[in-house]
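This report goes through salt bridges, buried polar residues, nonpolar cores and surface features in turn. The sequence and the structure are shown first.

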Amino acid sequence: MTGKVRLNAPRHKAFAALGAPRFRRFFAGQALSILGTWVQSVAMSWLVYRLTGSAVLLGVTAFLSQAPQLVISPLAGLFIDRFDRRRLFLCVQALMIAQAALLAAITALGVVTPAHLVGLAALFGVLNSVDTPLRQSMLGGMVEDRALLRNAIALNASLFNSARFVGPPLAGLILSFTSESWCFAINAASFLGVAFAVWRQPPQPPSGASGGMAEAFRQGLAFAWNNQTIRTLLFSVAALNLAGSAYGVLMPILAKEGFAGDASTLGWLLGATGGGALAATLLVATRQRLEQLLRLVIMGWGCAALGLGGLGLSPSLTPALAAAFCIGLGISSVNVSTNALLQSMAPDAIRGRVISYFTALRFGMDALGGLAAGAMAAGLGVAGTLGLEAGLVAAGALAMATLSRRIKATEA
């Protein structure tokens, strides 16, 4: 394996992978599941702020819902490569249904406390640390034609980003007419569709990881570290999601205090970032060559910097929505382009581990950045925190422009 990226395969139609029955069923179930997760996420942040009014606690719950990715996802990659992925997936879905159902029950009964929310956010983070890389690594077993894998990856990413666009406004609408408990119950039910789709599929046996667990872990790390392109892209994802993650934690504060809005306002702000993320996915789907995807990575860094700065300076909701769209476009351009490159480079036997490193850094650093942003906002204010992060991301854009030239020279 030389590590050269082969991205010059013939192009397929935008929805070609949906011709594979297994992927088509998974895609439909995944649509409901991801939408439900976003509805729960928005309701959770709104409930935390409604009960406590604390920016710090917003950061803590956001941190706990994602931070376990840093530690658990790389370890999950070992199990993903060694065990039947179908059976593992069904077990994880059962636990995620239980978490959402418990959250719905205690909220509906009026006994929910901040401690409950912190604990259940942490439980979600642990389960999601296995679920996220597992879903990504299963895509290869759902399309018989290997040429369709990249298209399946793009469609899967577009589904996630479409849910980001639709889910927050939908959550705001639901909250306007009902309560947070209904959002949590909807999420619990949403897992059933994707679980049923995978239950109907044949097993996905281990992909052939050799040696003991420690040796398999070292093999995965060595592959990622010794390949300059993979190493650089992973560092890029880690740095951007660490430095640019303030917007998510601060959105409830902007919605309620900055723009005198309600849950619906929060939904529109988060939906705007989802719209930008969806646009980024479509851009990635139309680009196949290494230099095109690297150009999107650099563009994404710059776009995220502009969006963060613009959000902090927005005097009203309309320019804030435009800035939020820009943030979503930028960060997702980096994340989705990197995912496509990594899955193209990783061999089957090690794909679960490589993707687990990506998800660990993508979501774990997002969690760390969100925790820091919540603490900084208590002292610097929302505008000051966003301005600081905009400056850091702008510096990162310049660094990636330099590093991308080295990657092109290496892969030429």
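## Salt bridge within helix α5

In this predicted model, Arg 135 and Asp 131 form a salt bridge, with 2.8 Å between the closest N and O atoms. The two residues both belong to helix α5, which covers residues 114-138. They are four residues apart, about one turn of the helix. Arg 135 and Asp 131 are both buried.

Asp 131 also serves as a reference point for Ala 76, a residue of helix α3. The C-alpha atoms of Ala 76 and Asp 131 are 8.9 Å apart, while 55 residues separate the two in sequence. Leaving out residues up to four places away in sequence, Ala 76 touches Ser 129 and Val 130. Ala 76 has a relative accessibility of 6% and therefore counts as buried, the limit being under 20%.

## The other salt bridges

The structure has three salt bridges. One of them joins the side chains of Arg 50 and Glu 180, at 2.9 Å from N to O. Arg 50 is in helix α1 (residues 21-52) and Glu 180 is in helix α7 (residues 180-199), so this pair ties together parts that lie 130 residues apart in sequence. The two partners can also be described by their accessibility. Arg 50 is partly exposed, at 47% relative accessible area, whereas Glu 180 is buried, at 6%.

Arg 362 and Asp 366 form another salt bridge, in which the closest N and O atoms are 3.5 Å apart. Both residues are in helix α14 (residues 351-411), and because they are four residues apart there, about one helical turn separates them. Arg 362 is buried, with a relative accessible area of 11%. Asp 366 counts as buried as well, with 18% relative accessibility; the limit for this class is under 20%.

## Buried polar residues

What joins the side chains of Asn 187 and Gln 40? The link is a polar contact of 2.7 Å. Asn 187 is found in helix α7 and is buried, at 0% relative accessibility. Beyond its neighbours within four places in sequence, Asn 187 is in contact with Ser 33, Gly 36, Thr 37, Gln 40 and Ala 100.

Gln 40 is also among the contacts of Gln 99. Gln 99 lies in helix α4, residues 85-108, and counts as buried at 3% relative accessibility. With neighbours within four places in sequence left aside, the other residues in contact with Gln 99 are Leu 120, Leu 123, Phe 124 and Leu 127.

Thr 281 is a further buried residue, with a relative accessible area of 1%. Helix α11 (residues 263-285) contains Thr 281. Among the contacts of Thr 281 outside its neighbours within four places in sequence are Ala 154, Ala 157, Ser 158 and Asn 161. Val 336 is also in contact with Thr 281. Thr 281 and Val 60, by comparison, are 29 Å apart from C-alpha to C-alpha and 221 residues apart in sequence.

## Nonpolar cores

How many residues does the largest nonpolar core have? This core has 59 residues. The residues with the most contacts inside it are Leu 250, Met 251, Trp 301, Leu 311, Leu 386 and Val 393. Setting aside neighbours within four places in sequence, Trp 301 is in contact with Ser 236, Ala 239, Leu 240, Val 334, Val 393, Gly 396, Ala 397 and Met 400. Val 393 thus appears both among the residues with the most contacts inside the core and among the contacts of Trp 301.

Another core, of 23 residues, lies apart from the largest one. Its residues include Ile 34, Leu 139, Ala 152 and Leu 159.

## Nonpolar surface patch

On the surface, a nonpolar patch is formed by Phe 79, Phe 83 and Met 213. Together these residues have about 270 Å² of accessible area. Phe 79 is found in helix α3, which covers residues 68-82. Is Phe 79 buried or partly exposed? With a relative accessible area of 40%, Phe 79 is partly exposed. Ala 76, in helix α3, is buried at 6% relative accessibility.

Terms used. Residues numbered from 1 in each chain as written. Predicted model: local features only at pLDDT ≥ 70, side-chain atom pairs only at ≥ 80, totals over all residues. Heavy atoms only, no water. Core = buried A, V, L, I, M, F, W, Y, C linked by side-chain atoms within 4.5 Å. Buried < 20%, exposed > 50% of the residue type's maximum accessible area, 1.4 Å probe, protein only. Contact = heavy atoms within 4.5 Å. Patch = residues over 30% accessible without salt bridge, like charges linked within 9 Å, V, L, I, M, F, W, Y side chains within 5 Å. Areas by Shrake-Rupley, 256 points an atom, 1.4 Å probe, with all protein chains shown as cover. Salt bridge = Lys/Arg side-chain N within 4 Å of Asp/Glu carboxyl O. Polar contact = N/O pair within 3.5 Å; in protein donor to acceptor, adjacent residues only side chain to side chain.
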